[in-house]
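Work through the following exercises slowly, with the structure open beside the text. Try each task before reading its solution.

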Amino acid sequence: MRDGIAEPWGMRTPYGPGEDWPVRVDCHLADGLEPGDVDRWVRTAAVLHSNGDGLDIAVKDGRIAGVRGRADDRVNHGRLDPKDLFGWQANNAPDRLRTPLVRDNGVLRESTWDEAMDRIVQRSRALLDTEGPTSLGFYTSGQLFAEEYYTLAAIARGALGTNHLDGNTRLCTATAGESLKESFGCDGQPSSYTDIDHADVIALFGHNVAATQPVLWSRILDRLAGPQPPRLLCVDPRQTPVAEAAELHLAPLPGTNVALMNGILHEVILHGWCDEAWINEHTVGYDDLLKVVRDYPPERAASICGVPADEIRSAARLVGTTDRLLCTVLQGFYQSNQATAAAVQVNNLVLLRGMLGKPGCGVLQMNGQPSAENTRECGANGDLTGFRNWNNDAHVAQLAELWNVPMEQIPHDGPPTHLMKMLDLAESGDLRFWWISATNPAVSLPELARVRKILGQDSLFLVVQDAFRTETTEFADVVLPAAMWGEKTGTFTNADRTVHLSEKAVDPPGQARPDLDIFLDYARQMNLRDRDGAAFPPWHDSESAYAAWQKASAGRPCDYSGLSYEKLRVVSGVQWPVDEAHPDGTERLYADGKFFADPDYCEEYGKDLHTGEPVSPEEYREYNPDGKAMLKPAEYLVPEEPPSTDYPFALITGRTLYHFHTRTKTGRAPQLETAAPEVWAELSRQDAERAGITEGDLLEIRTPRGRVRAKARPCGIRDGVLFLPFHYGYWDTADPTGADGVRAANELTITAWDPVSKQPLFKTAAAALRKISDGTPRETIALGDRAVSEQLVD
C-alpha cells in the first residue's frame with residue numbers, strides 16, 4: 001500500500017500528449033478497516049487545497065472512517081494527496097466545538113444557541129439603529145460552500161446594506177481574480193487542467209505545485225515520465241521539487257517579478273515570437289506594452305532581479321517558440337511586490353503568443369483554497385454577486401431585482417471594502433461588529449501584534465464561527481460551533497472552474513450547525529425582509545439556496561443555470577459555464593476569441609496597475625469599446641521594505657506540503673502533524689556556512705515588527721533569502737492567543753498590500769538572522785532520493 005507521507009505524489013502512470021491521464025485510485029481507511037467493512041460511501045471533493053480532487057467519504061458506524069479517490073473524476077482520476085488521505089481525521093477530533101460559547105467577565109463559557117444568537121442580534125440591531133450598516137462587517141473563508149457564500153452576500157449586501165464583506169481569499173487569491181479582470185474584463189480561469197495533457201511547455205510562475213496541489217503535480221510528473229514530455233520553466237527563489245524537475249529554473253530576488261517578466265516580454269517581442277494577426281484582431285494596448293518593455297532588455301532586467309541575462313533570454317526562447325504554452329501563477333507572484341502587475345504580465349505573455357482557447361494553451365491564475373472561486377463569483381469578497389460590476393448601475397439594478405430589495409440598499413458608491421481596510425476601520429473604532437467565519441486571522445494576517453490588539457479592542461464585538469477553538473476565538477465575544485465538510489451538503493468550485501457536489505455523510509457533533517443554517521437563523525432572528533415584506537433570504541436549505549444561486553448566475557460568465565444537483569450526483573465534476581449552449585460544461589473560455597470585456601457586460605473597468613486608481617466607465621469605454629482582451633504594461637517599482645544594513649535578508653513565507661493554513665485541521669491529523677510538527681527556517685547553504693549554521697540549529701529571525709524562533713534548514717534557496725512556513729500558530733501551546741509567542745511567521749510580516757488587488761504582501765519584508773543555539777540533525781523520512789524535509793512550499 002502507498003505511503004501517503006513518504007510518497008506524496010504516488011507511483012508514476014506515464015502518458016503522452018493528447019492521451020487521457022490514466023486512472024489510479026488511492027484510498028486510506030481507519031486502522032483495521034477494509035473497504036468491504038464500510039457502511040456506505042458518500043460523494044464529495046477535497047477541502048484542504050484548491051485542486052478539487054474528487055473523492056468518496058467512507059462512513060462506518062455513523063463516523064467518517066476514511067476516503068478513496070473517484071476514478072471517474074475529471075480532476076484527479078482517482079488520485080489523492082497527503083491532505084486528502086489523512087485530513088478527514090480532524091472531523092473526529094475530540095476537541096471539536098460542540099456548543100456555543102459567550103464571554104462573561106472576560107471568560108468564555110458554554111451557552112445555548114438562543115442565548116448566543118440573542119447577543120449577536122441585539123448588538124446588530126443596536127448598531128444599525130445608532131451607527132448604521134457601515135458599523136457591521138463580515139469576514140469569511142475560502143472553505144465554505146457556494147450556497148453559504150451566496151447567502152452571506154445576500155444578507156450583508158442585500159438586507160443589511162453593508163459594504164464590509166470579504167473573504168480570507170484576500171490573502172491567497174485576490175490577485176488571481178484581479179489579474180483576470182485586468183486582462184479579460186472579468187474573473188474566470190481561461191484554461192483547464194486538461195491542458196497539461198497537451199502542453200509542450202509548462203511555465204510555473206511563483207507556483208510550487210508540488211506542495212500546493214500535489215495531485216496536479218502528479219499529472220505533470222506523469223507527462224514528464226511519458227513520451228514527448230513537456231518542457232518546464234520554474235520561476236521561484238527556492239529550489240523546490242518543481243525547480244529540480246524544470247529544464248530552466250529562474251530564481252529572482254523577491255519583489256522583482258515585474259522586471260523579470262518585462263525582460264522576457266522584451267525578448268518575445270524583439271524576436272517576433274508574437275502572433276501579430278491574433279493580437280490585432282483580439283487585443284488592445286499593444287503599443288502601450290511595447291513602449292514599456294522595450295526599455296527592459298535582459299541586461300537591465302538582470303540587474304534588477306538578479307537572474308543572469310542569458311537565463312532570461314533562454315526563458316523567453318522557451319516560452320516564445322513553443323506551439324503549446326500553458327502558464328500557471330500562484331503565491332510567489334500574488335503575495336509579492338506589484339502582485340497584480342506581475343500576474344498581468346503573465347497574461348500578456350499568453351496574449352502576445354495567441355495561446356488561448358486551444359488544447360495545451362492558456363493561463364491558470366491559481367487559487368489557494370478549495371472554494372476560493374466561489375467567494376469571488378458569489379460576491380462574498382470584493383465583488384458583487386455573479387461577477388457583476390459595482391460601478392455599473394444596470395448590474396446593481398439586476399441584483400436588486402433578483403433579491404427584491406431597493407437598489408439603493410445595495411452599497412455601490414465605491415468598491416466593496418477589502419479585508420485590510422476593515423482592519424483599519426476596526427482599529428479606528430468605525431467598525432464595531434465583526435463576524436468571522438471559518439478562518440483564523442490571529443495567525444494568518446500580517447503583523448500579528450497589531451492584529452491581536454485590534455481583535456482585543458473593547459469597542460469591537462467579535463463573533464467567531466468555527467469548528468474548533470482557535471487563536472481567534474480567544475478574542476471573541478460569541479463563538480458559534482460550525483459543522484465541517486462531510487457534515488453538510490453543498491457545492492464548491494476549484495481553480496479550473498470545476499464544480500463538485502459534497503454530500504452530507506455524518507451528523508455534526510453536539511450542537512454544531514452547518515454555516516448555511518447559522519446564517520439563515522441570523523437572518524430570521526433579525527427579521528430581515530425584502531421589498532414586499534417577505535422573509536429574506538427566501539431560501540431555507542442547501543438545495544433551495546443553490547437554486548437561488550443558479551438564478552443569480554444565469555446569463556453571467558459564471559453561469560450555473562444548467563448544472564443541477566441531480567447532474568452533479570451523476571457526473572464527477574463539471575466546469576462552468578453550464579447553460580443551454582453548454583449543457584455539459586465548458587472546458588476552456590475564449591475559444592472563439594470573444595471575451596467578457598464588453599463595457600456593458602464586464603465585471604470591472606480596471607485599475608491603474610501602479611496606483612490602484614479605478615478606471616472610470618467613460619475611460620474604459622473609450623479604451624476598449626469592442627470588449628477585447630487588454631495588454632497592460634507596468635514599470636518595475638522598488639519593494640516597500642527592501643533588505644538593508646540592519647535587516648540584510650529578504651524574508652518570504654508560504655505553504656508546506658503537509659499542512660493547510662493555520663493547521664486547524666491538518667494539525668489534528670496525526671500523520672500530517674508528524675510529517676511537519678514545527679516551524680523551520682530555510683536559508684541558503686552558502687549563507688548558513690558563512691554564519692556557522694548547520695541543520696537543526698535554533699535561529700531567531702527578526703524584522704522591525706517582531707521575532708520568530710525556528711530550527712535551521714540549509715537548502716537550495718537563493719542566497720540572501722529566508723523562508724518561513726506560515727502555518728504555525730499557538731492553539732496547541734500554553735498561550736493560545738500568541739501574545740508572548742515567537743512561532744508564527746506573521747509576527748514578522750508587514751502591513752502592506754498590492755494597490756490593485758489589495759492582497760497583503762507576505763513576501764516583502766526585510767529580516768535579520770542570528771543563531772541562538774546549536775542543534776542536532778533532524779530525523780528525516782526517506783522520500784526517494786530526497787527527504788521529507790526537502791519537500792517545500794510555494
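The exercises below concern a predicted model, and they take up helix packing, aromatic rings and the backbone in turn.

**Exercise 1.** Describe how helix α5 and helix α15 are arranged relative to each other, and state which residues make the contact.

*Solution.* Two packed helices are described by the angle between their axes and the distance between the axes. Begin with these two values: the axes of α5, which covers residues 174-184, and α15, which covers residues 339-352, come within 9 Å and cross at roughly 50 degrees. Next, classify the angle; since angles under 35 degrees count as roughly parallel and 65 to 115 as roughly perpendicular, the two helices are therefore oblique to each other. The crossing of α5 and α15 is, in addition, right-handed. On the side of α5, the contact is formed by T175, E178, S179, L180, E182, S183 and F184, while α15 contributes A339, T340, A343, V344, N347 and L351. Sorted by class, the contact of α5 with α15 holds 6 nonpolar, 5 polar and 2 charged residues.

**Exercise 2.** Carry out the description for helix α9 and helix α13.

*Solution.* The axes of α9 (residues 257-270) and α13 (residues 309-321) come within 9 Å, and they cross at roughly 60 degrees. This angle makes α9 oblique to α13, and the crossing is right-handed. From α9 the contact takes L260, G263, I264, E267 and V268, and from α13 it takes I312, R313, A315, A316, V319 and G320. Counting by class gives 7 nonpolar, 2 polar and 2 charged residues for the contact of α9 with α13.

**Exercise 3.** Find how many aromatic pairs there are, which residues ring pairs link into a cluster, and which arginines lie over the face of a ring.

*Solution.* If rings are paired when their centres lie within 6.5 Å, the count comes to 25 aromatic pairs. Following such ring pairs from residue to residue, one reaches a cluster that links Y150, W403, F536, W539, Y546, W549, Y560 and Y565. Turning to the arginines, R238 lies over the face of F723, at 4.3 Å from the ring centre, and R556 lies over the face of Y601, at 4.3 Å from the ring centre.

**Exercise 4.** Locate the cis peptide bonds that precede P537 and P577, and describe where N105 lies and what its phi is.

*Solution.* The bond from F536 to P537 is cis, with omega near -5 degrees, and P537 belongs to the loop between α21 and α22. F536 is also a member of the aromatic cluster. The bond from W576 to P577 is likewise cis, with omega near 0 degrees, and P577 sits in the loop between β20 and α24. Finally, N105 lies in the loop between β5 and β6, and its phi is near 55 degrees, a positive value in a residue other than glycine.

How values were computed. Residues are numbered from 1 along each chain as its sequence is written. This is a predicted model: local features need pLDDT of at least 70, side-chain atom pairs count only at pLDDT 80 or more; totals for chains, interfaces and linings use all residues. Side-chain values use heavy atoms; hydrogens and water are left out. Rings of Phe, Tyr and Trp (its six-membered ring) pair if their centres lie within 6.5 Å; planes under 30 degrees apart count as stacked, over 60 as edge-to-face and the rest as tilted. A charge sits over a ring if NZ of Lys or CZ of Arg is within 6 Å of the ring centre and within 35 degrees of the ring normal. Axes are lines fitted to C-alpha atoms, for helices over the stretch in contact, and angles run from 0 to 180 degrees between N-to-C directions. Helices (H or I, at least four residues) and strands (E, at least two) are DSSP runs, numbered from the N terminus. Angles under 35 degrees count as roughly parallel, over 145 as roughly antiparallel, 65 to 115 as roughly perpendicular and the rest as oblique. A crossing is left-handed if the near helix is turned anticlockwise from the far one by less than a right angle, and right-handed if clockwise. Contact means heavy atoms within 4.5 Å. Ala, Val, Leu, Ile, Met, Phe, Trp, Tyr, Cys and Pro count as nonpolar, Asp, Glu, Lys and Arg as charged, and the others, Gly among them, as polar.
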